[in-house]
Amino acid sequence: MPLEELKVSLQGLKTALPKHLQKVDLKDLRLGGNYADKYFQGAVVISYPLTRLGNGKAFFKIVLQESENLCSRTDTIYVLLFGKLAEDCEKVVHQGDTMVIAGFILAKSASDDGRHCCQLEMPDEAGSSIFICPKSPCTTAASESVAISVAPKYTYTPLNHLKGGTIVNLYGVVKFFKPPYVSKGTDYCSVVTIVDQSDTKLVCTLFNANRDAFPEIYKKGDIVRFHRIKVREFSGQIQGITSNGFAALTFDGTIGAPMVPRTTSKLFTFTDEDKKTVEDLRIWVARNFADSAPAADLSSIQPQMFFDLTCQLVGKAKADGSSYLLKVWDGTRCPFPSWKVLVKEADLEGDGVLINQLKNLAVDVIVYDNHVLLAKSLKVGSFIRMHSLHAKTQSPKGMPDVSCIQFHLHGGTGYGRGITVLPENHPDVKELKAFLDSLALRGYAGPESSSSQETEGSYLTLGSCLEGYQQLSVTVLTDHQHFDVTTVNTILNSRVPQQYRVRAKLTRFEPKKLHQSVKLLCPQCNSLQEVPDLTESDVLLQASATHPNPDLQNIPFCESVVWDVENQGRRYVAVHFVTRYELLQEPEDSLVMIEGGTLTEILKLSKKFKGIIPVRSIEDNLVLLDLSVPFFWQGNIQYYGCQRCSDPKAMPSLHALAAQQNASWEPTTIAKALGIVLLQYVFVMKFTLDDGTGTLDAYLVDSENFFQIPASEILTSNIFQDNMERIMNKLCPTGENIDDFPTLECFIKSYYVRDGAEEQFSYQIFDTTIAEDV
């Protein structure tokens with residue numbers, strides 16, 4: 001049974017465990033030891049929120065304390081749990097419980113924070129067992145908030161005493177924040193600027209794979225407590241960044257507000273000393289920290305205003321691939337005619353009757369680019385705060401005397417732009433709900449004032465309303481949304497190097513035969529080369545074939561088979577199956593090295609096994625073939641190494657990789673083990689962009705982000721080829737007037753390239769992707 005809860009005392013715990021298990025102390029844990037029949041016992045002092053890894057598998061981390069001295073970090077160790085075991089454990093584990101861990105894997109700790117240098121890993125597989133002895137109920141504090149019964153003593157560092165290269169605990173007041181947004185990697189990111197009574201400012205960059213795990217900051221003036229934040233110095237400035245074990249509490253910074261911390265952690269400390277610190281900061285905020293947030297309700301907005309709006313979501317709908325419609329209200333009426341977006345009834349999510357009742361109070365907000373993903377996930381009826389919302393006046397085309405207010409949440413995170421979902425118990429939400437309920441109780445219908453009457457032409461389709469502001473783009477910007485749009489003419493007359501945001505038409509592209517756009521790029525020397533024809537590889541494979549060396553048929557980490565190919569003039573083929581713990585793996589998990597094989601034979605094997613490496617015998621070693629031949633074959637894809645940058649190693653270099661617990665036979669890990677610099681499949685295309693002020697040629701060099709199609713698979717998949725052809729026909733339609741071409745919004749950078757003795761400048765597209773509805 002992987003997880004078992006024992007209803008015994010600590011004194012009776014040992015007798016309740018399986019007889020074959022022997023206890024191991026923290027001081028005796030050493031890498032390389034045998035712990036198959038051992039168990040480690042400790043008390044839970046910290047548990048972190050359950051998260052999901054990149055592959056979707058559950059991940060749960062806790063800290064166990066061996067010693068009774070709860071103030072000593074050296075007697076603590078991290079325990080990492082995976083899969084269903086992590087999910088089950090997260091539901092029942094509480095601070096103070098005693099845990100017995102058996103069937104663990106001892107690995108080097110990824111953290112350097114004073115705890116044990118190793119960590120216990122518990123995979124979700126047979127042999128892993130956890131026994132939990134719950135803390136005695138009499139030691140549990142009867143409190144609404146979760147508290148730690150025996151709290152470690154924390155020291156907090158004033159912001160003016162911070163030094164680079166340290167990990168500290170601190171308090172601060174939020175001066176500026178960006179709600180969590182998707183970073184360039186797989187994590188979410190948030191930026192928080194805090195100050196304290198020393199008037200010192202600290203910019204903190206926070207990362208987490210789980211968007212809900214970030215500090216719950218709702219407005220400037222909130223008070224935060226950060227534990228284990230890493231301080232570093234960059235360009236002469238002190239900065240903060242999340243480290244292992246980072247935790248946060250957030251408090252309302254208003255004097256008299258409930259002293260209730262906002263956190264996603266189940267376990268945290270909050271002492272009388274912490275309470276006094278928060279109270280002191282609240283007093284300092286009231287005296288010295290002016291409320292600079294441009295909060296407003298709809299009745300007080302003015303044209304061209306940027307403001308924060310707290311409101312309720314009553315409807316939502318997809319606008320296009322890079323924008324989304326939110327219908328919101330706050331119980332007040334906009335003093336100007338506001339634009340309405342026409343969408344199909346079937347596309348609008350929300351109560352149609354309610355939306356119609358609120359037609360004079362609700363306004364339409366269009367959110368763009370990086371805010372779309374969050375907007376889609378919002379639940380109708382929820383309360384939200386939109387930060388740095390733009391109230392913009394616009395006249396429909398051909399109607400210069402008519403104007404209406406449009407509400408836009410522009411792309412990017414500049415000026416704190418973003419959306420925050422407010423909980424039901426938030427004071428602002430309680431106040432707003434009471435106000436909205438009072439309107440409903442009075443049967444609010446409201447007189448038809450001139451400000452609420454629909455101005456002729458103000459009720460328009462999305463395309464016509466955006467025409468004077470921004471034509472819909474068939475591309476989406478993935479970063480730098482704070483950049484302003486620059487005309488092509490300005491770019492052509494600017495110095496190099498620079499980065500620009502461009503809105504233009506694609507009038508021409510090369511190559512016309514789209515499969516010819518796929519090249520091989522070396523990430524190290526940036527050289528480009530054509531993808532070799534497999535018929536050429538077949539010739540090289542046959543030329544490299546040698547008679548298998550019988551002395552190499554007993555490689556320590558392989559099982560080898562040699563067969564004589566019939567009717568081919570005594571040609572021999574050797575197949576070496578790489579083993580794990582001296583055992584053969586299932587075919588779909590197996591790495592195979594083949595010696596003397598032809599193209600047909602390798603392609604056949606690559607469809608059955610995880611990966612194929614063509615090799616040849618040299619003296620007493622198996623080595624790779626010439627790198628003009630793919631060094632690794634996986635399914636229909638062949639992987640090449642850079643002949644200039646690689647330093648190939650012999651096959652025994654794979655032995656260490658095969659011995660690893662979670663060895664991965666993926667191209668990147670194979671290449672690294674064999675000293676190969678892996679060439680990347682990329683699209684290389686030339687786009688001619690025209691915005692009416694001029695034209696320029698910009699190159700696209702991209703592996704899969706722009707088209708959202710893997711360049712490595714375009715050569716072997718008819719479906720991907722057809723999809724790419726369809727996209728290009730949409731971007732650059734033939735036989736149409738350029739005015740009817742779709743608009744591409746993209747980032748381009750200018751740079752110098754050397755052509756022999758001459759230095760020329762060029763342009764390249766980056767951080768841009770095709771909209772999902774193209």
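**View 1. The largest nonpolar core, seen around its best-connected members.** In this predicted model, the largest nonpolar core takes in 67 residues, and I613, L654 and F707 are the ones that touch the most other members. Apart from this core lies another one, made of 27 residues, including I77, V93, L120 and I132. Zoom in on L654 and you'll find it touching F557, L591, M593, I613, I670, A673 and L674, once residues up to four places away in sequence are set aside.

**View 2. T579 in its loop.** Here's a threonine sitting in the loop that links β30 (571-578) to β31 (591-595). Is T579 buried or exposed? With a relative accessible area of 7%, T579 falls under the 20% cut-off, so it counts as buried. Skip the neighbours within four places in sequence, and the residues in contact with T579 are F557, C558, E559, L584 and A658. F557 also turns up among the residues that L654 touches.

**View 3. Strand β10, wrapped up on both faces.** How many of the five residues of β10 (residues 129-133) are buried? Five of the five are, so the strand is largely enclosed by the rest of the structure. Look at one side and you have S129, F131 and C133; flip to the other and you have I130 and I132, with both sets buried. I132 is also one of the members of the 27-residue core. As for its pairing, β10 lines up antiparallel with β7 (residues 98-102) over five bridges. One pair to pick out is I101 with its bridge partner I130 in β10.

**View 4. A five-stranded barrel with a helix across it.** The barrel closes in the order β11-β12-β13-β15-β14, and its pairing is mixed. From one strand to the next, the twist averages 50°. Between β12 (residues 188-195) and β13 (residues 201-208) there are eight bridges, and these two strands run antiparallel. To find that pairing on screen, start with Y188, whose bridge partner in β13 is N208. Then bring in helix α3 (residues 272-288), which lies across β11 (166-182), β12, β14 (223-234) and β15 (237-251). Relative to β11, the helix runs at about 55°.

**View 5. Zooming back out to the whole protein.** The close-ups come from a protein with 13 helices and 40 strands. Of its 774 residues, 50% are buried. The protein exposes about 37900 Å², with carbon and sulfur atoms supplying 50% of that. Among contacts between residues at least 6 apart in sequence, 65% join residues at least 24 apart.

Key
Residues numbered from 1 in each chain as written. Predicted model: local features only at pLDDT ≥ 70, side-chain atom pairs only at ≥ 80, totals over all residues. Heavy atoms only, no water. Helix = DSSP H or I, 4+ residues; strand = E, 2+ residues; numbered from the N terminus. Buried < 20%, exposed > 50% of the residue type's maximum accessible area, 1.4 Å probe, protein only. Contact = heavy atoms within 4.5 Å. Areas by Shrake-Rupley, 256 points an atom, 1.4 Å probe, with all protein chains shown as cover. Pairing = 2+ DSSP bridges. Axes fitted to C-alpha atoms, helices over the stretch in contact; angles between N-to-C directions. Core = buried A, V, L, I, M, F, W, Y, C linked by side-chain atoms within 4.5 Å.
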